[in-house]
Amino acid sequence: MSLESPVQRDGDAGFIGFASRLNPLTLPAGMLQDSVNMRLERGTAQTRKGAKRLADAISTADEPLTLSFDLADDKAITSITFSSTTATVTTTAAHGYTTGDTVNIRGATGVDAALYNGDFAIANASGSTFEYTMTSTPAGNATGTLLANAGPIVKTTYSGGIFGAGVFASRNYDNANEYVVMAGPDSAYLWRNTSPTDTVVTVGYPSSPDETIDPQDTVSVVQAYDRLYILREAPIDPATTFKQQFTNASGITVSGTTATVNVNAHGLSAGHRVRIEGSSVAAFDGHEFDIESTNVNTNSFEITVPTGTSNDATANIKVRRVKPPIYWTGSGSFVRAGGGVPAEGPTYRKMRSVGWASYIQNRLIIPDGRDQVAISDYLDADLYDPFWQSFRTGAGGGDFVVAVHPWVEGSALVFCRKSIWLATLAQFPSTDGSSFAIDTAVAKLELVTDEIGCSARNSIVTAGRFVFFLSDAGVYRLDTQLDLKLRGDTRPLSDPVADLFERIDQSKVQRAFGIWHSNRYILAVPTLDSPDDTNDLVVTWNALNDQWESRDVYGIGVDALVVGTYSNVRRIFNVRRTGKLYLLDENDNGKDDEPSGSLQAQVTGTIKTRRYGMGSMSSKRFVRSLADVVLPDDGSIVVKANLINPDAEITLVPGQTNTSGLAEDYTLKQPIRAKAHAAELIFETTAERPEIRNVSIEAALQSMTPTETRNAA
């Protein structure tokens with residue numbers, strides 16, 4: 001005799017991926033709704049390993065403050081008087097400050113507010129008075145509700161940090177051993193895993209002007225021609241000398257090989273490099289020059305030009321300060337790439353000051369404006385032909401070039417923000433076969449698609465016949481089997497987790513970073529929840545499972561991801577802008593090292609199963625859950641059940657902890673005893689790295705009373 005309410009079981013014998021956007025009732029067996037800080041290997045779900053901090057010897061200065069901290073109490077100020085640029089502060093009560101402390105003054109109002117307010121190193125501190133120095137002399141004593149505070153200073157910009165990262169291995173240095181490169185504000189740091197102590201080499205930048213990196217610069221690290229290039233592009237800033245300026249009516253006058261550039265109140269100094277554009281003289285237009293040390297006046301400066309250069313005595317020629325590329329050959333310090341007009345003539349150019357470059361077929365490809373790229377001569381990064389060796393994509397269409405990526409058979413993919421192009425680089429043998437001659441840079445330029453483009457240059461990764469990249473619509477994958485065409489299938493690869501990509505902060509998306517490692521595409525992106533420019537979400541596509549595997553959250557933050565060698569194994573490094581270097585997936589205890597000291601933070605992992613409805617939309621009585629888990633020593637796990645209609649969350653296992661001293665297998669069987677239409681199970685790892693092998697749930701379905709079916713007459 002059949003049971004009135006037969007018990008059915010549903011579950012997953014293993015896990016292959018997660019799909020957070022799709023309807024959880026329609027997910028197939030093995031798919032999860034969510035997977036946080038988990039690794040899905042051979043069908044089991046296990047908390048990821050922790051990140052190990054490396055290279056503590058690196059000091060980038062002005063390191064950001066690490067939370068948490070307590071602000072100090074405000075001190076009420078009775079008065080602030082001045083004598084020239086010295087401000088004397090009298091507090092209502094004894095302040096307790098000492099000479100040399102940095103104190104924040106706020107609350108001053110009126111025309112002199114900007115002089116009195118701010119952070120100052122104080123002097124002559126005693127009792128209820130101290131002094132500080134203002135930037136200029138105010139018109140009167142401070143007014144307003146004045147306060148002083150010597151608490152921690154939370155900054156929004158930093159002069160220290162790491163602004164670019166890459167890998168360097170050259171026959172010209174240390175027998176071609178591989179180093180992780182970190183570009184700091186005034187030096188580059190080369191790190192290598194050695195025994196017994198890791199090696200850190202500091203290579204300084206040139207001491208002349210322009211050779212520092214600022215946080216707002218676009219920076220990249222590229223190896224080419226056995227050189228380590230650091231490329232820096234400063235944004236146009238009207239408040240600094242990196243603003244766009246124009247010549248006055250005198251324009252540019254030439255005497256011999258000296259040209260005088262007439263710009264009113266330019267604010268530039270000897271050694272600064274400037275780019276001149278909009279001139280009718282070929283020796284000026286598009287070239288970059290170093291300002292000579294002679295005759296640098298308020299309204300003019302001098303540059304060196306080739307003999308025979310003509311005057312261009314007209315107004316409104318563009319003059320802009322730039323940061324030249326610097327490179328290191330493996331000895332000494334970094335040096336500047338050359339400026340001025342090439343010896344080959346004014347129709348050629350030297351390497352421009354840009355923020356990125358691609359090294360393809362022994363040639364550097366660099367951006368040359370919004371929609372144009374320039375290609376260097378073979379084996380020569382310092383010579384460019386803007387007429388024959390450059391090309392434009394979508395000229396005048398409002399699009400701009402984001403990256404140029406190497407492809408197959410002498411071709412390159414040109415990623416724009418709104419489109420993708422395939423450029424076939426031209427290369428023809430000479431008639432006598434003795435050498436190669438280049439006619440034009442590109443034999444053919446084809447539009448792959450204008451439906452999508454690339455939003456982050458560092459997200460582009462090649463893996464076999466695929467090219468992964470981040471677009472405004474999510475992650476896409478180009479496939480050679482489709483001739484790189486996407487028109488027939490515009491659905492992104494990230495469609496199953498599209499809800500995560502909707503949270504990307506488009507104002508910071510250029511910081512996204514992707515790599516290919518261990519059959520996985522790993523992409524770090526900034527979301528709207530990120531407190532700064534840090535990539536606070538890391539998503540992983542597992543090519544073996546052909547699914548999205550996990551979304552990782554790192555309390556330490558993620559910036560540049562680099563694949564390098566550690567203990568003779570290829571590993572993933574996280575280079576933080578704060579100057580910290582981390583080795584990901586290293587600590588077996590499932591804890592991330594804190595930025596300093598010996599403290600560690602526990603990695604908490606979560607999986608949420610698909611929604612189990614037992615094939616019925618009707619109400620049913622969920623009986624119990626079952627799970628096969630492995631808990632390491634001191635490992636702990638919490639199990640919950642989410643019931644749907646009526647909605648409720650039930651904690652089934654409040655905290656199963658293994659204290660046996662060894663890893664143990666557990667079969668967790670917990671009663672649910674509640675009615676609902678559907679249910680889903682949530683597993684949270686709270687200590688060490690528990691492993692979840694399979695899960696199932698049982699429910700009693702109510703049998704229906706037999707009824708007759710007929711049509712009414």
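A polar contact is a pair of N or O atoms within 3.5 Å, where within protein one atom must be able to donate a hydrogen and the other to accept it. That criterion will be needed at two of the stops below, and throughout the tour it should be kept in mind that the model is predicted.

**The whole chain**

Begin with everything displayed: the C-alpha atoms of the protein fill a box of roughly 110 × 90 × 70 Å, taken along the principal axes. If you colour by secondary structure, you should find 2 helices and 58 strands. Of the 713 residues of the protein, 50% count as buried, and among contacts between residues at least 6 apart in sequence, 62% join residues at least 24 apart.

**Strands β15, β16 and β17**

Select residues 187-192, which make up strand β16, and note that 5 of its 6 residues are buried. On one side in sequence, β16 pairs in the antiparallel sense with strand β15 (residues 179-183) over 4 bridges, and these two strands form a hairpin with 3 residues between them. To see one bridge of this pair, show Ala183 together with its partner in β16, Ala188. Then extend the selection to strand β17 (residues 199-204), which pairs with β16 in the antiparallel sense over 6 bridges; here the hairpin has 6 residues between its strands, and Trp191 stands opposite Val200 in β17.

**Ser220**

Next, centre the view on Ser220, which lies in strand β18 (residues 218-224). Is Ser220 buried or exposed? Its relative accessibility is 6%, and because buried means under 20% relative accessible area, Ser220 counts as buried. Leaving aside neighbours within four places in sequence, the residues in contact with Ser220 are Tyr229, Ile230, Leu231, Gly355, Trp356, Ala357 and Arg457. With Gly355 there is a further detail to display, since the side chain of Ser220 reaches the backbone oxygen of Gly355 at 2.8 Å.

**The β21-β22 hairpin**

Move on to strand β21 (residues 252-255), where Ile252 and Val254 form a covered face while Thr253 and Ser255 form an uncovered one. In a regular strand the side chains alternate between the two faces of the sheet. Strand β22 (residues 258-262) pairs with β21 in the antiparallel sense over 4 bridges, and Ile252 stands opposite Val261 in β22. The hairpin has 2 residues between the strands, and in it Gly256 takes a positive phi near 70°.

**The sheet that holds Arg321**

Now select the four strands of an open, antiparallel sheet, whose order is β20-β26-β23-β24. At its edges stand β20 (244-246) and β24 (288-290), each with a single partner strand, so one side of each is left without a neighbour in the sheet. Neighbouring strands of this sheet are turned by 35° against each other on average, direction ignored. Strand β23 (residues 273-277) and β24 pair over 3 bridges, and Arg273 stands opposite Asp290 in β24.

Within this sheet, show Arg321, which lies in strand β26 (residues 318-322) and is buried, with a relative accessible area of 11%. Leaving aside neighbours within four places in sequence, Arg321 is in contact with Asp210, Thr241, Phe242, Lys243, Leu268, His272, Arg273 and Val274. Which side chains are joined to that of Arg321 by polar contacts? One is the side chain of Thr241, at 2.3 Å, and another is that of His272, at 3.4 Å. A distance between C-alpha atoms can also be drawn here: Arg321 and Glu288, 33 residues apart along the chain, are separated by 9.0 Å.

**The largest cavity**

Glu288 also leads to the next stop, as one of the residues that line the largest cavity. The other lining residues to select are Arg273, Gly286, His287, Gly338, Gly339, Gly340, Arg349, Lys350, Met351 and Arg352. About 60 Å³ of space lies in this cavity, and the count of cavities of 30 Å³ or more comes to 4.

**A second four-stranded sheet**

End with the open sheet whose 4 strands run in the order β6-β49-β48-β47, again with antiparallel pairing. Its edges are β6 (50-54) and β47 (560-566), each of which has a single partner strand, so one side of each is left without a neighbour in the sheet. The twist averages 40° from one strand to the next. For a last close view, select strand β48 (residues 569-575) and strand β49 (residues 581-587), which pair over 3 bridges, and display Asn574 opposite Tyr582 in β49.

Terms used:
Residues are numbered from 1 along each chain as its sequence is written. This is a predicted model: local features need pLDDT of at least 70, side-chain atom pairs count only at pLDDT 80 or more; totals for chains, interfaces and linings use all residues. Side-chain values use heavy atoms; hydrogens and water are left out. Buried means under 20% relative accessible area, exposed over 50%, partly exposed in between (1.4 Å probe, protein chains only). Contact means heavy atoms within 4.5 Å. Two strands pair if DSSP finds at least two bridges between them. Axes are lines fitted to C-alpha atoms, for helices over the stretch in contact, and angles run from 0 to 180 degrees between N-to-C directions. On a 1 Å grid over the protein atoms alone, a cavity is a set of points where a 1.4 Å probe fits but cannot get out, and a pocket is an open set with protein on both sides within 12 Å along at least five of seven lines; lining residues have an atom within 4 Å of a point. Grid points are joined across faces, edges and corners, and a volume is the space filled by probe spheres set on the points.
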